[in-house]
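Got your viewer ready? Open the model, turn on the cartoon view, and follow along one stop at a time.

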Amino acid sequence: CGDNHSAALARDGRVFTWGTYKDSNGYIGYSPDLAKADKPRRVLPGVTARAIASGTDHTVVVSADGYEVYAWGCNESGQT
């Protein structure tokens, strides 16, 4: 779990998140139309995940084969 969001990995490798992501300017949200998700939303459709991790305002997913890494959220500290 992050500061304002949660993430879950289903047994079949689907990834779900809910809550919101924030930076120093406020909510950065999921999309321009959705700042907060009040129920689990599937993310990365078509990707089967092996592992997930969350920080304060970011989420990282490792694909089932271990060759792909997906990350999103706040980058106000210049992470790469």
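Select Val61 and Tyr70: Tyr70, in β8, is the bridge partner of Val61. Keep in mind as you click around that this is a predicted model.

Now widen the selection to residues 58-63, which are strand β7, and residues 69-73, which are strand β8. These two strands run antiparallel, with five bridges joining them. What do β7 and β8 form together? They make a hairpin, and five residues sit between the two strands. Click on Gly66 in that turn: its phi is positive, at about 80°.

**Next stop: the start of the chain**

Jump to residues 5-9 (strand β1) and residues 15-19 (strand β2). How many bridges join β1 to β2? Five, and this pair runs antiparallel. Highlight Ala7 and look across to β2, where Thr17 stands opposite. β1 and β2 make a hairpin too, with five residues between the strands. Pick out Gly13 in this hairpin, and you've found a residue with a positive phi near 95°.

**A loop stop: Lys36**

Now select Lys36, which you'll find in the loop between β4 (26-27) and β5 (37-43). Show the side chain and switch on the surface. Lys36 has a relative accessibility of 48%, so it counts as partly exposed; the exposed label needs over 50%.

Which residues does Lys36 touch, leaving aside those up to four places away in sequence? Show Gly19, Thr20 and Tyr27, and you have the set. Then add Tyr21: it is 15 residues from Lys36 along the chain, yet their C-alpha atoms are separated by 7.9 Å.

**Zoom out**

Select the whole protein chain and colour it by secondary structure. You'll be looking at eight strands and zero helices. The radius of gyration is 12 Å, close to the 12 Å that the globule rule gives for 80 residues, so the chain is as compact as a globular protein of that length. Along the principal axes, the C-alpha atoms fill a box of roughly 35 × 30 × 20 Å.

Try colouring by burial next: buried residues make up 26% of the 80 residues. With the surface back on, the chain exposes about 5,300 Å², and carbon and sulfur atoms supply 48% of that.

For a last look, colour by charge. The chain has 8 positive and 9 negative side chains, and the centres of these two sets lie 9 Å apart.

Terms used:
Residues numbered from 1 in each chain as written. Predicted model: local features only at pLDDT ≥ 70, side-chain atom pairs only at ≥ 80, totals over all residues. Heavy atoms only, no water. Helix = DSSP H or I, 4+ residues; strand = E, 2+ residues; numbered from the N terminus. Rg over C-alpha atoms; globule rule 2.2 N^0.38 Å. Buried < 20%, exposed > 50% of the residue type's maximum accessible area, 1.4 Å probe, protein only. Areas by Shrake-Rupley, 256 points an atom, 1.4 Å probe, with all protein chains shown as cover. Lys, Arg positive; Asp, Glu negative; His and termini not counted. Charge placed at Lys NZ, Arg CZ, Asp CG, Glu CD. Pairing = 2+ DSSP bridges. Contact = heavy atoms within 4.5 Å.
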